[in-house]
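Visitor: I'd like a close look at one part of this model, the metal site. Could you take me through it and then outwards into the surrounding fold?

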Amino acid sequence: MGRSRLPEGRAIGHSAAMLIAQISDMHINAPGTPSMSGVDTIGNLERCVAAVNALDPAPELVLATGDLTKDGTADEYATLRALLAPLTAPVYAIPGNHDIREAMREAFADAAYLPRDGGYMHYAIEGHDLRLIALDTVVAMAPHGMLDDGRLEWLTARLEEAPDRPTALVMHHPPFLSGYAAMDAMRCLDGEALGALVVKHAQIEGILSGHLHRAAHVNFFGTTATASPSTAAQLRLDLSGTVTLGERAIWSDDPPAYMLHLWQPDAGLTSHVMQVPA
Ligand SMILES: [Fe+2]
Ligand SMILES: [Fe+2]
């Protein structure tokens with residue numbers, strides 16, 4: 001499974017390929033309640049959903065990579081579900097640090113892909129040309145993420161059961177350092193342990209994450225890792241290390257955005273940032 005193959009310029013639809021839309025960090029509030037930093041999170045997600053539905057070719061599925069809601073309340077999840085309902089492609093959700101597993105599980109009671117054992121909300125998405133393994137990096141009541149031994153063991157078992165299937169990992173917290181110190185302090189803190197697994201499992205073609213509220217791309221232990229921008233609001237990039245989070249000034253004027261990932265057997269993953277004017 002090489003990682004530096006050259007694309008042959010094949011059009012999607014004419015060969016084995018897969019198109020994936022990724023929406024992230026929607027931070028949806030209930031109507032009539034204060035939104036995150038006054039951002040029109042609901043309207044911005046509505047516009048992103050319409051943009052995804054208008055894609056031609058259409059994505060096979062949509063990944064919703066955490067921070068689905070502002071505070072994880074039942075009303076917020078009900079609002080979110082109503083906003084996602086118009087999507088014509090099936091949606092697969094994972095939690096972020098602003099989600100509450102129990103409330104999310106109840107709101108997604110009809111989602112057959114979610115484990116029902118009361119534990120971590122991780123799962124594999126089978127039946128497509130690219131296998132997707134969705135991870136739950138949430139540490140309850142904490143802004144940072146972890147995979148720790150139990151979740152890494154679960155991931156190892158998934159990887160070992162299909163070593164020849166091209167696979168991408170999906171997670172809320174990026175496992176890598178972005179250079180934005182305040183966000184790096186709340187990344188997936190055991191990224192190196194994940195990196196050790198990446199090195200051992202050559203079928204991993206990429207890692208798709210969120211949380212950063214900015215697009216970023218790095219070489220992560222020999223695979224490509226990306227962070228998605230937010231459908232709600234983008235952080236102003238701080239490489240000085242002086243910015244602390246929690247102020248209105250942290251946000252940029254960059255428009256809402258989502259990611260469009262094209263996987264082709266000869267080219268691997270190509271990730272496009274898709275901006276949606278607010
Ligand atoms: Fe977020
Ligand atoms: Fe987050």
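Guide: Asp-67 and His-213 are both buried, and they're a good way into this predicted model. Asp-67 sits in the loop between S2 and H2 and His-213 in the loop between S7 and S8, so the pair ties together parts that are 146 residues apart in sequence. What links them is the iron ion (ligand 1), coordinated by Asp-25 (OD), His-27 (NE2), Asp-67 (OD) and His-213 (NE2) at 2.0 to 2.2 Å. If you like motif notation, the spacing of these donor residues along the sequence is D-x1-H-x39-D-x145-H. Don't expect a textbook polyhedron: the angles among the 4 donor atoms run from 89 to 177°, and the site comes out as irregular.

One of those donors deserves a check of its backbone. His-27 has a positive phi of about 50°, although it isn't a glycine. You'll find His-27 in the loop between S1 and H1. With a relative accessible area of 3%, His-27 counts as buried because the cut-off is under 20%.

Now for the second metal. Asp-67 bridges the iron ion (ligand 1) and the iron ion (ligand 2), and the two ions lie 3.5 Å apart. For the iron ion (ligand 2), the protein donors are Asp-67 (OD), Asn-97 (OD1), His-172 (NE2) and His-211 (ND1), at 2.1 to 2.2 Å from the ion. The angles among the 4 donor atoms here go from 88 to 157°, and this site is irregular too. In sequence, the donor residues are spaced D-x29-N-x74-H-x38-H. Asp-67 again reaches a distant part of the chain: its partner His-211 is in the loop between strand S7 (204-209) and strand S8 (216-220), 144 residues apart from it. Both Asp-67 and His-211 are buried.

Follow the chain back from Asp-67 and you come to S2, so let's look at that strand. S2 covers residues 61-65, and 5 of its 5 residues are buried. Leu-61, Leu-63 and Thr-65 point one way, Val-62 and Ala-64 point the other way, and all of them are buried. That zigzag is what you'd look for in general: in a regular strand the side chains alternate between the two faces of the sheet.

S2 has a parallel partner in strand S1 (residues 18-23), joined to it by 4 bridges. To pin down the register, Ile-23 stands opposite Ala-64 in S2. S1, helix H1 (residues 41-53) and S2 together make a right-handed β-α-β unit. S2 also runs parallel to strand S3 (residues 91-94), again with 4 bridges. Here Val-62 has Val-91 in S3 as its bridge partner. From S2 the chain crosses through helix H2 (residues 74-84) to S3, in a right-handed β-α-β crossover.

On the stretch between H1 and S2 there's a backbone feature to keep in mind if you're setting up a calculation. A cis peptide bond joins Asp-56 and Pro-57, with omega about 5°. Pro-57 is in the loop between H1 and S2.

The loop that holds His-211 and His-213 takes us into another sheet. There, 6 strands form an open sheet in the order S4-S5-S6-S7-S9-S8, with mixed pairing. Strand S4 (123-125) and S8 are the edge strands, each pairing on one side only. On average, neighbouring strands of this sheet are turned by 20° against each other, direction ignored. Inside the sheet, strand S6 (residues 167-170) and S7 run parallel and are joined by 4 bridges. Thr-167 has Ile-204 in S7 as its bridge partner.

There's one more positive phi to flag, in a different setting. Met-141, not a glycine either, has a phi of about 70°. It's in the loop between strand S5 (131-134) and helix H4 (148-161). Met-141 is exposed, with a relative accessible area of 83%.

Last, the cysteines. Cys-48 is buried at a relative accessible area of 0%, and Cys-188 is buried at 0% as well. As for cross-links between sulfur atoms, a search of the whole structure finds 0 disulfides.

Key
Residues are numbered from 1 along each chain as its sequence is written. Chains are lettered from A and ligands numbered from 1 in the order in which they are written. This is a predicted model: local features need pLDDT of at least 70, side-chain atom pairs count only at pLDDT 80 or more; totals for chains, interfaces and linings use all residues. Side-chain values use heavy atoms; hydrogens and water are left out. Buried means under 20% relative accessible area, exposed over 50%, partly exposed in between (1.4 Å probe, protein chains only). Helices (H or I, at least four residues) and strands (E, at least two) are DSSP runs, numbered from the N terminus. Two strands pair if DSSP finds at least two bridges between them. A crossover is right-handed if, with the strands pointing away from the viewer, the path from the first strand over the helix to the second runs clockwise. A disulfide is a pair of cysteine sulfur atoms within 2.5 Å. Donors are N, O and S atoms within 2.8 Å of the metal (3.2 Å for Na, K and Ca); water is not among the atoms, so sites may look incomplete. Four donors count as tetrahedral if all angles lie between 85 and 135 degrees; four count as square planar and six as octahedral if opposite donors are over 155 degrees apart and all others between 65 and 115; anything else is irregular. Axes are lines fitted to C-alpha atoms, for helices over the stretch in contact, and angles run from 0 to 180 degrees between N-to-C directions.
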